[in-house]
Amino acid sequence: MQSYIKLKELKDQLSSKSVKESLEKLISIFPGRIIFTTSFGIEDQVISHKIFSNNLDIKVVTLDTGRLFSETYDVFSRTLIKYNKKIDIYFPDYVAVEKMVTEKGPLSFYESKENRMECCTIRKIVPLNRALSNMECWITGIRASQSNNRSSMSNLEYDDDKKLFKYHPLFEWSLEGVENYIKANQIPYNVLHDKGYVSIGCEPCTRAIHKGQDFRAGRWWWENSKAKECGLHNGTTA
Ligand code: SF4
């Protein structure tokens, strides 16, 4: 119950604030316990720019699943060069990956949703939970207009499973606004965005989409599911 009362208080404190002001407010409330996870997508690059160029005391981390695009490593590298800041990298447990791939092969995720979730759990969820441990506030690049599922969310939520607050500073931003900000500030971005890739994850599970398709249509396209999430953002209360 206390979390829900605090959620309302926090929402009031963040209302009408800019992205920078909101992040500064959250840092003052959760000093040393605030984290941003980046996958180097275009929205995440805006947030990295806000954090790094304003020297905000937020831990920035990324998950390396071992199956990322080379273009993602390229923007990762260009981001380090531009800002000269640290990004902590989390890898999956190699014993679990070796067991899964030895027993099921390197493309088991195409065979069933169960196998896909197993792979996402080993390569993403477990490392994410390790990164989030001892944190109280998690910053993400989610925007409301990315899909119907996401538009029912709120810019500030409480994650009951992970026991932390989640703040999405670009929640109200349009894709056009994000793109304009990237250009105006000469922020490095993943060149796959210029080739029809919108939501960019692991290479074997991501493909380009056509104009007008759902934001997540290029992810796990072989699965017949409306909610194309990998479990990273389950368990939230708006
Ligand atoms: Fe595995 Fe695909 Fe999930 Fe990446 S997105 S962790 S390759 S199932």
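The legends below describe close-up views of a predicted model.

**View 1. Packing of helix H3 against helix H4.**
Helix H3 (residues 42-53) and helix H4 (residues 70-83) pack with their axes 11 Å apart and at an angle of about 20°. The two helices are therefore roughly parallel to each other, the limit for that class being under 35 degrees. H3 and H4 cross in the right-handed sense. H3 contributes Gln45, His49 and Phe52 to the contact, and H4 contributes Val75, Thr79 and Tyr83. Sorted by class, three residues of this contact are nonpolar and three are polar, with no charged residues.

**View 2. Packing of helix H3 against helix H8.**
Between H3 and H8 the angle is about 50°, and the axes are 10 Å apart. H3 and H8 are therefore oblique to each other. The crossing of H3 and H8 is left-handed. On the H3 side the contact is formed by Ile42, Glu43, Gln45, Val46, His49 and Lys50. On the H8 side it is formed by Leu175, Val178, Glu179, Tyr181 and Ile182. The contact of H3 with H8 comprises six nonpolar, two polar and three charged residues. Gln45 and His49 of H3 take part here and also in the contact with H4.

**View 3. Strand E1 between strands E4 and E2.**
In a regular strand, side chains alternate between the two faces of the sheet. In strand E1 (residues 34-37), Ile34 and Phe36 point one way, while Ile35 and Thr37 point the other way. All four of these residues are buried. E1 runs parallel to strand E4 (residues 137-139), to which three bridges join it. In this pairing Phe36 stands opposite Ile139 of E4. E1 is also joined by three bridges to strand E2 (residues 59-63), again in the parallel sense. Here Thr37 of E1 has Val61 of E2 opposite.

**View 4. Surroundings of Thr62 in strand E2.**
Thr62 belongs to strand E2. Its relative accessibility is 4%, so Thr62 counts as buried, the limit being under 20%. Apart from neighbours within four places in sequence, the residues in contact with Thr62 include Thr38, Ser39 and Phe40. Phe76 is another contact of Thr62, as are Ile87, Asp88, Ile89 and Tyr90. Of these residues, Phe76 falls within the range of helix H4, residues 70-83.

**View 5. Surroundings of Pro204.**
Pro204 lies in the loop that links helix H8 (175-184) to strand E7 (236-237). With a relative accessible area of 6%, Pro204 is buried. Beyond neighbours within four places in sequence, Pro204 is in contact with Arg67, Phe109, Tyr110, Trp221 and Trp222. Pro204 and Val60 are separated by 144 residues in sequence and, from C-alpha to C-alpha, by 25 Å in space.

**View 6. The hairpin of strands E5 and E6.**
Strands E5 (residues 156-159) and E6 (residues 164-167) pair in the antiparallel sense over four bridges. Leu156 of E5 has Tyr167 of E6 as its bridge partner. Both faces of E5 are covered. Leu156 and Tyr158 lie on one side, Glu157 and Asp159 lie on the other, and all are buried. E5 and E6 form a hairpin with four residues between them. Lys163 is in the turn of this hairpin. At 54% relative accessibility, Lys163 counts as exposed.

**View 7. Positive phi at Ser16 and Lys163.**
Most residues other than glycine have a negative phi. Ser16, a residue other than glycine, has a positive phi near 65°. Ser16 is located in the loop between helix H1 (2-14) and helix H2 (19-29). Its relative accessibility is 79%, so Ser16 counts as exposed, the limit being over 50%. Lys163 likewise has a positive phi, near 60°. Lys163 is located in the loop between E5 and E6.

Definitions and conventions: Residues numbered from 1 in each chain as written. Predicted model: local features only at pLDDT ≥ 70, side-chain atom pairs only at ≥ 80, totals over all residues. Heavy atoms only, no water. Axes fitted to C-alpha atoms, helices over the stretch in contact; angles between N-to-C directions. Parallel < 35°, antiparallel > 145°, perpendicular 65-115°, else oblique. Left-handed = near helix turned anticlockwise from the far one by under 90°. Contact = heavy atoms within 4.5 Å. Nonpolar A, V, L, I, M, F, W, Y, C, P; charged D, E, K, R; others polar. Buried < 20%, exposed > 50% of the residue type's maximum accessible area, 1.4 Å probe, protein only. Pairing = 2+ DSSP bridges.
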